[in-house]
Amino acid sequence: MMRIIMLALTNLAVMAVLFITLNIISAVFGINLHGGTMGGILVMAVVFGFGGSFISLMMSKWMAKRSMGVEIIETPRTAQERWLVETVRRLAEKSGIGMPEVGIFYSPEPNAFATGANRNNALVAVSQGLLEHMSADEVEAVLGHEIGHVANGDMVTQTLLQGVLNTFVIVFARVIGLAIDNFLRRDDDDNGVGIGYWIGSMVAEIFLSFLATAIVMWFSRWREFRADAAGANLAGRNKMISALKRLQQAHAVNDLPGEMAAFGIAGGLGTGLRKIFMTHPPLEERIAALENAA
């Protein structure tokens, strides 16, 4: 309920800021943003900005199960599956969240992810490679990391951030398009928006989308440190450090596909400009953060 209230307040805040900002821009630059145009832009921005993000969030478990081929453990069949379910149950109770669904997906690489629109109805899945290449203590730490994502509400928080940024991208791209069109049009031309608006909006939206993605990825990297801290608190700092060092040895760790990438235990490597768009910080930085923690 608190997150629903936060979403509503965020929407209201975005609308208020946009109205004020657009009116300031209109007054300073003399851009013709009459009521219909501004109202239409704002409605479109909020609907498209938040709509896509929240549809993805609501479908995240369904998409994860099918895209990753996750096999949900309904009734444990082996000692390993029983241990996995009971460990998730214990960590979830310790974190104060509802019992997530637990699943295994086939991948030779060690990885895991958590997803779901509700912290009391989430999904935690681990790869077969993770179970094969890590000790029980290390797997417990990884599970603690993923439970930390769920308990911190990272899926909902990232959706809110993405929705806000999408809204600003759509609005400001249109404002830039209107400004360009207003600059290019003749004084006697009053036949609505012209080609300058459409081209300017398109180019501005591409550029602003890159900036928005960089901000979302920065947040994704920041919350990985927080999830590592949660894993260290739930399973033990030494176990969490050992799990991250084990991941360092797996030189071919790959990003999970699509939206699963941001919620995995590890991501790919990047240098230069590509590093700005990575979902995870370098493992050595995460290990150092845990080792230096008081």
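**A walk through the contacts**

Let's start with one residue. Glu-101 counts as partly exposed, at 23% relative accessibility. Before I go on: this is a predicted model.

So who is the partner of Glu-101 in a salt bridge? Lys-65 is. The closest N and O atoms of the two side chains are 3.1 Å apart. Now look at where the two ends sit. Glu-101 is in strand E2, residues 101–105. Lys-65 is in helix H3, residues 60–67. The two are 36 residues apart, and the pair links distant parts of the chain. Lys-65 has a relative accessible area of 22%, so Lys-65 is also partly exposed.

A general word here. Side chains of opposite charge can pair when their charged atoms come close.

How many salt bridges does a search of the whole structure find? The count is 14. I'll show you a few.

Take Arg-77 and Glu-81. Their side chains meet in a salt bridge, at 3.2 Å from N to O. Buried or exposed, which is Arg-77? Arg-77 is exposed, with a relative accessible area of 58%. Glu-81 is at 9%, which makes Glu-81 buried. The cut-off for buried is under 20%.

Next, Glu-205 and Arg-174. Here the N to O distance is 2.3 Å, again in a salt bridge between side chains. Glu-205 sits in helix H8 and Arg-174 in helix H7, so this pair ties together parts that are 31 residues apart in sequence. Glu-205 is partly exposed, at 26% relative accessibility. Arg-174 is buried, at 16%.

There is also a network. Arg-90, Asp-137, Glu-140 and Lys-239 are joined into one by salt bridges that share partners.

Now to the rings. The whole structure gives five aromatic pairs. One of them is Phe-168 with Phe-172. Their ring centres are 5.7 Å apart. The planes meet at 10°, and the pair is stacked. How far apart are these two along helix H7? Four residues, so about one helical turn separates Phe-168 from Phe-172. Helix H7 covers residues 154–184. Phe-168 is partly exposed, with 23% relative accessible area. Phe-172 is partly exposed too, at 23%.

Another pair is Phe-219 with Trp-222. The ring centres are 5.8 Å apart, and because the planes are at 35°, this pair is tilted. Stacked would need an angle under 30 degrees. Phe-219 and Trp-222 are three residues apart in helix H8, residues 195–235, so about one helical turn lies between them. What about burial? Phe-219 is buried, at 9% relative accessible area. Trp-222 is partly exposed, at 40%.

Let's go inside. As a general tendency, nonpolar side chains in soluble globular proteins are buried together. In this model, the largest nonpolar core has 42 residues. Which members touch the most other members? Leu-84, Val-126, Leu-143 and Ile-147 do. Helix H6, residues 136–151, gives the most to this core: six residues.

Zoom in on Val-126. Set aside residues up to four places away in sequence. Val-126 then touches Leu-84, Gly-103, Ile-104, Phe-105, Asn-111, Ala-112, Leu-131 and Leu-143. Two of those names, Leu-84 and Leu-143, were in the short list I just gave.

Back out to the surface. Which residues make the nonpolar patch here? They are Ile-55, Met-58, Met-59, Trp-62 and Met-63. The patch is about 530 Å². Helix H2, residues 35–58, and helix H3 are the elements that give two or more residues to it. Trp-62 is in H3, the helix that also holds Lys-65. The relative accessible area of Trp-62 is 49%, so Trp-62 counts as partly exposed. Exposed would need over 50%.

One last stop, in a loop. Ser-107 lies between E2 and strand E3, residues 112–115. At 18% relative accessibility, Ser-107 counts as buried. What does Ser-107 contact, beyond neighbours within four places in sequence? Ser-127, Gln-128 and Gly-129.

To recap: there are 14 salt bridges, five aromatic pairs and a largest nonpolar core of 42 residues. That's my tour.

Conventions:
Residues numbered from 1 in each chain as written. Predicted model: local features only at pLDDT ≥ 70, side-chain atom pairs only at ≥ 80, totals over all residues. Heavy atoms only, no water. Core = buried A, V, L, I, M, F, W, Y, C linked by side-chain atoms within 4.5 Å. Buried < 20%, exposed > 50% of the residue type's maximum accessible area, 1.4 Å probe, protein only. Contact = heavy atoms within 4.5 Å. Phe/Tyr/Trp six-rings, centres within 6.5 Å; stacked < 30°, edge-to-face > 60°. Salt bridge = Lys/Arg side-chain N within 4 Å of Asp/Glu carboxyl O. Patch = residues over 30% accessible without salt bridge, like charges linked within 9 Å, V, L, I, M, F, W, Y side chains within 5 Å. Areas by Shrake-Rupley, 256 points an atom, 1.4 Å probe, with all protein chains shown as cover.
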